[in-house]
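Me: Please take a close look at one part of this model, starting from how its strands pair and following the chain from there. I would like a careful, connected account rather than a list.

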Amino acid sequence: MQARVASMEDVKEARQAAAAAARGQGRVLPTGMLKVFLGFLLLGVGLSAAAMYMARHAVAAAAPALFRPCLGSSAAEEEPEGLERWTRPPARVEHAMTDEELLWRASFAPRVRGYPFRRVPKVAFMFLTRGPLPLAPLWERFFRGHEGRYSIYVHALPSYHANFTSESVFYRRQIPSKVAEWGQMTMCDAERRLLANALLDLSNEWFVLVSESCIPIFDFNTTYEYFQNLNRSFLMAFDDPGPYGRGRYNWNMTPEVELDQWRKGSQWFEVDRELAIAIVKDTVYYPKFKEFCRPHCYVDEHYFPTMLTIEAPDSLANRSVTWVDWSRGGAHPATFGRGDITEEFLRRVREGRTCLYNNQNSTMCFLFARKFSPSALEPLLELAPTVLGFG
C-alpha cells in the first residue's frame, strides 16, 4: 500500500513538473519575439539615421551652388559669373573641337544690336600658310604698339610647329588645322576654319585673309581706320562669261546656284563679322560646291563670291584690298624678290590705281600686297619707315 502511494505521488510530481515546464515555455516564446522585434526596430532606426546623415551632407555640398548669402560673404567664396563669361576671348587658340563643332559654335550671334559692355573692335589677321612666315619681322613692326586692336590666327600644315618666342605676336597663334590643297575644297575648309576660330572672339569685327607672302603697305592706324569707316566688305565677285568663269559652272548646282548667279573672285578677302558668320554657318551651298566644283573648277575662286552674291549682294564692294600682279601671265601671279623692292615700286603699289571707297573715288585701293619672297624682307625693312609708314 505504501508502494502504491509513493507511486501515485511520483505521478503527481511528474505532472506538476510537466505543467511547470509548459508554463516556462509559454513565457520564453514572447521573449524571443520581442528580441526579433527589437532587432528590426534597431535596424530601422540605423537606416533612418544614415539616410538623414547622407541627405544633410548632400545639401551642404550643394548649398554653395544653390544659395549665396547676401551679407557677410568671405573673400574665399567664388564670385558669381557675369557677362564676362560670354564676352572674354578664349585664352588660347588651341582646342579639341572638331570642324563640325567649331563651325556650330562660331555661328552663334546675338540678336540684340549693340553691346552692353565696352567693346574695342579688332581686326582679325588670318594667315593661311603651309609653314613658316618668312616676312614675320615686317609684320611684327606693323603690329607694334597696337595691342588690343588686332588678333592673329595662323593656319599651317598640321605637321608644322612654329618656333616663335614668347615676345612675338605670332607666339602660340597656330590654330588646329588640316591639309589644304590649292584649288580644292580643303582650301575653303581652311578659310572657314580660320574665320570660325576668329569669330570665337566677340571683339573681332573685321576679318582679313593673308598668306605668308603678303605684306602690309600702310601703317596700322591707316589700315584700321580704312576698315572702321567702310560700308561694305572687300570681297571680289564678278561675272566672267569666259571658259575660266561660267565655263566652270556645273548644271548640277541648280537649283541652289543658277548659271547667272555664278561668280568668280580673288581668294584674298576682308569681310565684316556678319558676313563671316554667313560663311561659317552655310550648309546650303557648301555641299553643292564640294560635290560639283571639281576638278579644274578651283572652288576657292568661286564658292565665297557666288554664295555671298546670292545671300548678301549689297554688302560687297566687289574688289579686293590685296594687290597682286597678273601682268606676266600664267596660272600664278608675279613674285617679287630683293631686286624688285625699291621706293618707286612700293609707291606704285600703294597709289597706282583709282577705285571706289564708300562710293567715292580714291587712289588708296590696297592695304596689302603679294607675292613677296623671303629675299625681299631686308629691303622691305629698310624702306618701311620712310615709304610704308611704320618700323
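**A sheet and the cysteines**

Reply: Trp323 stands opposite Ala369 in β9, and this contact is a convenient place to begin, bearing in mind that the model is a predicted one. Strand β9, residues 368-369, runs parallel to β6, and two bridges hold the pairing together. The two strands belong to an open sheet of three strands, ordered β4-β9-β6, in which the pairing is mixed. At its edges are β4 (215-216) and β6 (322-323), each of which pairs on one side only.

The loop between β8 (360-362) and β9 brings the cysteines into the picture, since Cys365 lies in that loop while Cys355 lies in strand β7 (residues 355-357), 10 residues apart. These two residues are joined by a disulfide, with an S to S distance of 2.2 Å, and because the torsion about the S-S bond is about -110°, the link between Cys355 and Cys365 is left-handed. Both Cys355 and Cys365 are buried.

By the distance rule the structure has two disulfides, and the other one joins Cys293 to Cys297, with the sulfurs 1.8 Å from S to S. This link is also left-handed, with -80° about the S-S bond of Cys293 and Cys297, and its ends are buried as well: the relative accessibility is 3% for Cys293 and 3% for Cys297. When the bonded cysteines are counted along the chain, the disulfides follow the pattern 1-2, 3-4.

Cys188 needs separate treatment, because its sulfur is 8.0 Å from the closest cysteine sulfur, that of Cys293, which is too far for a bond. Cys188 is nevertheless buried, with a relative accessible area of 0%, and Cys214 likewise counts as buried at 0% relative accessibility.

Buried aromatic rings supply other links between separate stretches of the chain, and a search of the whole structure finds 35 aromatic pairs. One of them is the edge-to-face pair of Phe127 and Phe170, with 5.3 Å from centre to centre and 80° between the planes. Because Phe127 lies in strand β1 (residues 122-128) and Phe170 in the loop between β2 (150-155) and α5 (185-199), this pair ties together parts that are 43 residues apart in sequence. Phe127 is buried, with a relative accessible area of 1%, and Phe170 is buried too, at 3%.

Notes:
Residues numbered from 1 in each chain as written. Predicted model: local features only at pLDDT ≥ 70, side-chain atom pairs only at ≥ 80, totals over all residues. Heavy atoms only, no water. Phe/Tyr/Trp six-rings, centres within 6.5 Å; stacked < 30°, edge-to-face > 60°. Helix = DSSP H or I, 4+ residues; strand = E, 2+ residues; numbered from the N terminus. Buried < 20%, exposed > 50% of the residue type's maximum accessible area, 1.4 Å probe, protein only. Pairing = 2+ DSSP bridges. Disulfide = S-S within 2.5 Å.
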